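Subject: Structure handover

Hello,

Here is the structure I said I would pass on, with my notes below it. Please read the notes with the model open.

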Amino acid sequence: MSTTQMMTTCAAWPRTQWTMPPDSDSPLPTDAELQILRVLWSRGPSTVRDVLEALDEDQGYTTVLKHLQIMFDKGLATRDESGRAHVYAPATGEADTQRRLVEDLRDRAFGGSPETLVMRAISSEDVTEEELDKIRALLEEADGERDDASSA
């Protein structure tokens, strides 16, 4: 979900007083924050209790609350404070967060090389033939778009 779609979703939510932390240039989420973001992306705006119920792990209410408060402070989540229970939503869409995580991994672990990143990913024994076919189709599509852009 894009940021625009996310804000539209948030705007359509019955509560209207969404607050954003001061800095929208948020850092990358930790593993625990990413788990919570997955819940928010799949369920939409949620209370702490909603997130707690959706998590598979045995975490306490105050732990989830603290994570959400930190995520709000870091700019990873928005918060609606109009009701008795605060409602949290992701500040950015899943695809945007995944893109940032991949860029960070590419830069830190693969010296900025997309080729090395992709080669390492597809050299895994866990990659199915179907996944490889999808990757080939994406590469062909990207190559076609690049050809169209250069001829324009």
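Lys74 counts as partly exposed, because its relative accessibility is 21% and the buried class ends under 20%. This is a predicted model, and that applies to everything below. The partner of Lys74 in a salt bridge is Glu33, with 2.8 Å between the closest N and O atoms. The pair ties together distant parts of the chain: Lys74 belongs to helix H4 (residues 61-74) and Glu33 to helix H2 (residues 31-43), 41 residues apart. Glu33 has a relative accessibility of 3%, so it counts as buried. The bridge therefore joins a partly exposed lysine to a buried glutamate.

Other salt bridges

The structure holds eight salt bridges. One of them is between the side chains of Arg79 and Glu81, at 2.8 Å from N to O. Here the arginine is the covered partner: Arg79 is at 13% relative accessibility and so counts as buried, whereas Glu81, at 36%, counts as partly exposed.

Arg99 and Glu103 form another, at 3.2 Å from N to O. Both residues sit in helix H5 (residues 94-109), four residues apart, which is about one turn of the helix. Arg99 is partly exposed at 41% relative accessible area, and Glu103 is also partly exposed, at 31%. Separately, Glu129, Asp133 and Arg136 are joined into one network by salt bridges that share partners.

Overall layout

The protein has seven helices and four strands. Read from the N terminus, the order of elements is α-β-α-β-α-α-β-β-α-α-α. Of the 152 residues in the protein, 27% are buried.

Nonpolar core

Which residues have the most contacts inside the largest nonpolar core? That core has 17 residues, and the ones with the most contacts are Ile36, Val51, Leu55, Val64, Leu68, Met71 and Tyr88. H2, helix H3 (48-54) and H4 each supply at least two residues of the core. H2 gives the most, with six residues. As background, nonpolar side chains in soluble globular proteins tend to be buried together. H2 and H4 are also the helices linked by the bridge between Lys74 and Glu33, and both are among the contributors to the core.

Pairs far apart in sequence

I noted three residues together with a partner from elsewhere in the chain. The distances are C-alpha to C-alpha.

- Glu94 lies in helix H5 and is partly exposed, with 33% relative accessibility. Glu94 and Leu37 are separated by 57 residues in sequence and by 8.1 Å in space.
- Asp50 is placed in helix H3 and is partly exposed at a relative accessible area of 24%. Asp50 and Val87 are 37 residues apart in sequence, with 9.3 Å between them in space.
- His86 is in the loop between strand E3 (77-80) and strand E4 (87-90). The relative accessible area of His86 is 32%, so the residue is partly exposed. From His86 to Pro45 the separation is 41 residues in sequence and 9.9 Å in space.

Negative surface patch

Which residues form the negative surface patch? The members are Glu140, Glu141, Asp143, Glu145, Asp147 and Asp148. Glu145 is in helix H7 (residues 129-151). Its relative accessible area is 47%, so Glu145 is partly exposed. That value also clears the patch cut-off, because patch residues need over 30% relative accessible area.

Those are my notes; the items to look at alongside the model are the Lys74 and Glu33 bridge, the largest nonpolar core and the negative patch.

Regards

Key: Residues are numbered from 1 along each chain as its sequence is written. This is a predicted model: local features need pLDDT of at least 70, side-chain atom pairs count only at pLDDT 80 or more; totals for chains, interfaces and linings use all residues. Side-chain values use heavy atoms; hydrogens and water are left out. Patches are made of residues with over 30% relative accessible area and no salt bridge: like charges are joined within 9 Å, nonpolar side chains (Val, Leu, Ile, Met, Phe, Trp, Tyr) within 5 Å. Accessible areas come from the Shrake-Rupley method with a 1.4 Å probe; for residues, only the protein chains shown count as cover. A salt bridge is a side-chain nitrogen of Lys or Arg within 4 Å of a carboxyl oxygen of Asp or Glu. Lys and Arg count as positive and Asp and Glu as negative; His and the chain ends are not counted. The place of a charge is taken as NZ of Lys, CZ of Arg, CG of Asp or CD of Glu. Buried means under 20% relative accessible area, exposed over 50%, partly exposed in between (1.4 Å probe, protein chains only). A nonpolar core is a set of buried Ala, Val, Leu, Ile, Met, Phe, Trp, Tyr and Cys residues joined through side-chain atoms within 4.5 Å.
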